[in-house]
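Work through these exercises with the sequence and the structure side by side. Try each task before you read its solution.

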Amino acid sequence: MSEAGSTQPAERRLSLLVTVLAFALPVIFVLVPLAIFLGYSFFSVDQGTIVYGLSLGNYVRFFTDPVFLPVFWNTIVLCVSVAIICILLAYPAAYFLTTLKGRWRYALLMLLLVPLLMSYVIKIYAIRSILGLNGFLNKALVALGILQEPSTLFVFNMNAILLTLTLLLIPFAILPIFLSLERIPQVLLRASDDLGASGLQTFLRITLPLSLPGVASAASFVFVLAIGDFLTPQMVGGISGFTFGRILYSQFGTAYNWPFGAALSVALAIVVIAAILVGERFGRNRGTSV
Amino acid sequence: MGLKKLFLRMATIGLGIGLMTSAALAANLRVLAWDGYADADWVKDFTAATGIGVDVVFIGSDDEIWAKIKGSEGQDFDVFAVNTAQLQRYIKADLVSPIDVTKLANQKEVLPRFRDLTAVSGVTKDGKVYGIPFCFDSIGLIYDTDKVKPAPTSMSVLWDPAYKGKVLAYDNGEHNFSFTALTLGYKDPFNLNEEQMAAVKAKLVELKRNVLSFYTTADEAQQIYQNNDVALIWANYGQQQVKALQKIGAHVAYVNPSEGALAWLDNWVISKGVRDNAAAEKWIDFMLSKKVSGELSERTGFGNTVTETGSAGGNDKLVWLNNVEDPLKRSDMWNEVKATP
């Protein structure tokens, strides 16, 4: 690899190589695995070995077995709820950030994003301790006189999954909303003020509509991350918090039924892609109308 | 221009490092084991004694072992630990190699009941030995001595409404069907007919209503125990779990249920894709030494096959785990139990 060896044709070959690599990487690492997944969903399993014959059996089972569709639907409702709660909490936080001046704004933003640097599993463990019967939340509520005695409302059920996912995913909601709020030109707000609009009117008719693209992408972000998560439901969901992610996971570990797991993943992928498309569509329309 | 050169140089260096590490890994023995079977100090002693480096990967469930070994057709590991019930599945799928017992000097010194391997159900096939037993324990019941009075003698206590929301169960369809079958008094908990399956499933839905959560690892159960009001734990990790709980000051005791406790017997096996058979044999022989076996029991509370231990007393009725009739069906039915509102 001597430096004198890099002549003109060699350089051209190199740039060609870089171009090919740029296209090859997404194809090899994203498209091909997805295609393999789709292919697997048409196979079946017999006595612990995969039968490589094409059939629609897995999809028929998904739609006809009484177990899967209700859990699938409940999971979607759960993740939409998580997205809504995240938005409701993240919007005021992001709005508050944009009212700050100079370095405080970014220092606080960084602080809000610090949890992303921590291990996901450790965060779940910590949250589970907080939510438990002898945990911090129950102790605080009892000490404040809000509860008579510790409650099992917060752990090992759907509430626990909702709370935990919301806590874990809030940073992903704050960031896009903050960015869209920050992009709103200050002159618009000042013009509104000059024309005699009240603070509330300015917010409702200028700030809010212009920040909706950020809200849309935040919502689709949170929804997609929540619906793909199996670990949180597994660890805090207990007996009633059974989600689609847990069924999907069990097909790979416990059952060794990769083809059926692949079919379930395809169903999940369709919902995820739809959520991303909706989020993007909504975001872009509003964005270009400025 | 300068960037491209830098890029190329970095690629060359990267390739060099990649080749070096893969060369280093090639010489190492690849071990797949449960936590507690390949402690760092033993690995260090083994490497010091034999000059063979070891890479250990820890797993958390039987299904994970199967997925890892079956997924790579045995090519990713040299030696792994698996229980007698599971072993036949691996033999049938041609994922393990027969073991030459004469190469294992320490196998001659094991406890009498493990000396004749043909008498240990599940470790041989067609006269060939595929697994070397080294460790066993029962899957009993842990109860909080302050909360559960009188001391329970049967798993049926898990269904007692007095302990609603205070029961920790294990997240595994196969075992849950087996122990519930024992509780219902079925003779062969590993081969259930349709009718029995339906009865067990109904019973498990009832159990679920009494349960706080399903756990997967011993650490997880312990953490849940510390932060919640738990009275009974279906102890998949037996003595290991009891010891860990007692260490943190929990008032707990352990009982093997009178209807019979499921019990596992773990074996070292050599995978089909073994790179160095002699190194694998040395590892197994090392694990069967009096020192390592004794320390294993000391640290985990499990019984071992080399020295006598107090685990699972002589009068306890142990039901050695066996292959179940249809693992996939049990797994699907377990999902149905969990999905029942």
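The model is predicted. Begin with a pair of strands: β9 (residues 167–170) of chain B and β10(B) run parallel and share four bridges.

**Exercise 1. Find the residue of β10(B) that stands opposite V167(B). Then decide whether β10(B) is enclosed or open.**

Step 1. Go to V167(B). Opposite this residue, in β10(B), stands V211(B).

Step 2. Check burial along β10 (residues 211–215) of chain B. Five of the five residues are buried, so the strand is largely enclosed by the rest of the structure.

**Exercise 2. Work out the strand order of the open five-stranded sheet in chain B.**

Step 1. Start again from β9(B). This strand also pairs with β11 (residues 232–234) of chain B, in the parallel sense, over two bridges. Here L168(B) has I233(B) as its bridge partner.

Step 2. Write the full order. It reads β10-β9-β11-β8-β12 in chain B, and the pairing is mixed.

Step 3. Mark the edges. These are β10 and β12 (252–255) of chain B, and each pairs on one side only.

Step 4. Add the twist. With direction ignored, neighbouring strands of this sheet are turned by 20° against each other on average.

**Exercise 3. Which residues of β1(B) lie on one side, and which on the other?**

Step 1. Recall the rule. In a regular strand, side chains alternate between the two faces of the sheet.

Step 2. Sort the residues. L29(B), V31(B) and A33(B) are on one side, and R30(B), L32(B) and W34(B) are on the other. Both faces are covered, as all of these residues are buried.

Step 3. Draw the conclusion for β1 (residues 29–34) of chain B. Six of the six residues are buried, so this strand is largely enclosed by the rest of the structure.

Step 4. Find the pairing. β1(B) runs parallel to β2 (residues 54–59) of chain B over six bridges. In β2(B), V54(B) is the bridge partner of L29(B).

**Exercise 4. Which residues of the largest nonpolar core touch the most other members?**

Step 1. Name them. The core has 145 residues, and A173(A), V222(A) and F80(B) touch the most other members.

Step 2. Find the main contributor. Helix α7 (residues 158–182) of chain A gives the most to this core, with 17 residues.

Step 3. Look at chain B. The core takes at least three residues from each of domain 1 (2–134 + 266–310) and domain 2 (141–255 + 320–339) of chain B.

Step 4. Zoom in on A173(A). Leaving aside neighbours within four places in sequence, its contacts are C86(A), I87(A), A90(A), A218(A), F221(A) and V222(A).

Step 5. Look for another core. A second, separate one has 11 residues, including F68(A) and L264(A).

**Exercise 5. Is P176(A) buried or exposed?**

Step 1. Place the residue. P176(A) lies in helix α7 of chain A.

Step 2. Count. The cut-off for buried is 20 or more other C-beta atoms within 10 Å. P176(A) has 24, so it is buried.

Step 3. List its contacts, again without neighbours within four places in sequence. P176(A) touches G214(A), S217(A), A218(A) and F221(A).

**Exercise 6. Describe how chain B meets chain A.**

Step 1. Count both sides. Chain B gives 31 residues to the contact and chain A gives 29.

Step 2. Find the largest share on the side of chain B. Seven residues come from α12(B).

Step 3. Sort that side by class. It has nine nonpolar, 10 polar and 12 charged residues.

**Exercise 7. Explain what stands out in the backbone at F156(A), E73(B) and P150(B).**

Step 1. Recall the usual case. Most residues other than glycine have a negative phi, and most peptide bonds are trans.

Step 2. Take F156(A). Its phi is positive, about 60°, although it is not a glycine. F156(A) sits in the loop between α6 (136–143) and α7 of chain A. It has 26 C-beta neighbours inside 10 Å, so it counts as buried.

Step 3. Take E73(B). Its phi is also positive, about 50°. E73(B) lies in the loop between α3 and β3 (79–83) of chain B. With 13 C-beta neighbours inside 10 Å, E73(B) counts as partly exposed.

Step 4. Take P150(B). The peptide bond from K149(B) to P150(B) is cis, with omega near -5°. P150(B) is in the loop between β8 (141–144) and β9 of chain B.

Notes
Residues are numbered from 1 along each chain as its sequence is written. Chains are lettered from A and ligands numbered from 1 in the order in which they are written. This is a predicted model: local features need pLDDT of at least 70, side-chain atom pairs count only at pLDDT 80 or more; totals for chains, interfaces and linings use all residues. A residue is buried if 20 or more other C-beta atoms lie within 10 Å of its own, exposed if 12 or fewer, and partly exposed in between; C-beta atoms are placed from the backbone. Two strands pair if DSSP finds at least two bridges between them. A nonpolar core is a set of buried Ala, Val, Leu, Ile, Met, Phe, Trp, Tyr and Cys residues joined through C-beta atoms within 7 Å. Domain bounds come from an automatic or database domain assignment. Two residues are in contact if their C-beta atoms, placed from the backbone, lie within 7 Å. Axes are lines fitted to C-alpha atoms, for helices over the stretch in contact, and angles run from 0 to 180 degrees between N-to-C directions. Ala, Val, Leu, Ile, Met, Phe, Trp, Tyr, Cys and Pro count as nonpolar, Asp, Glu, Lys and Arg as charged, and the others, Gly among them, as polar.
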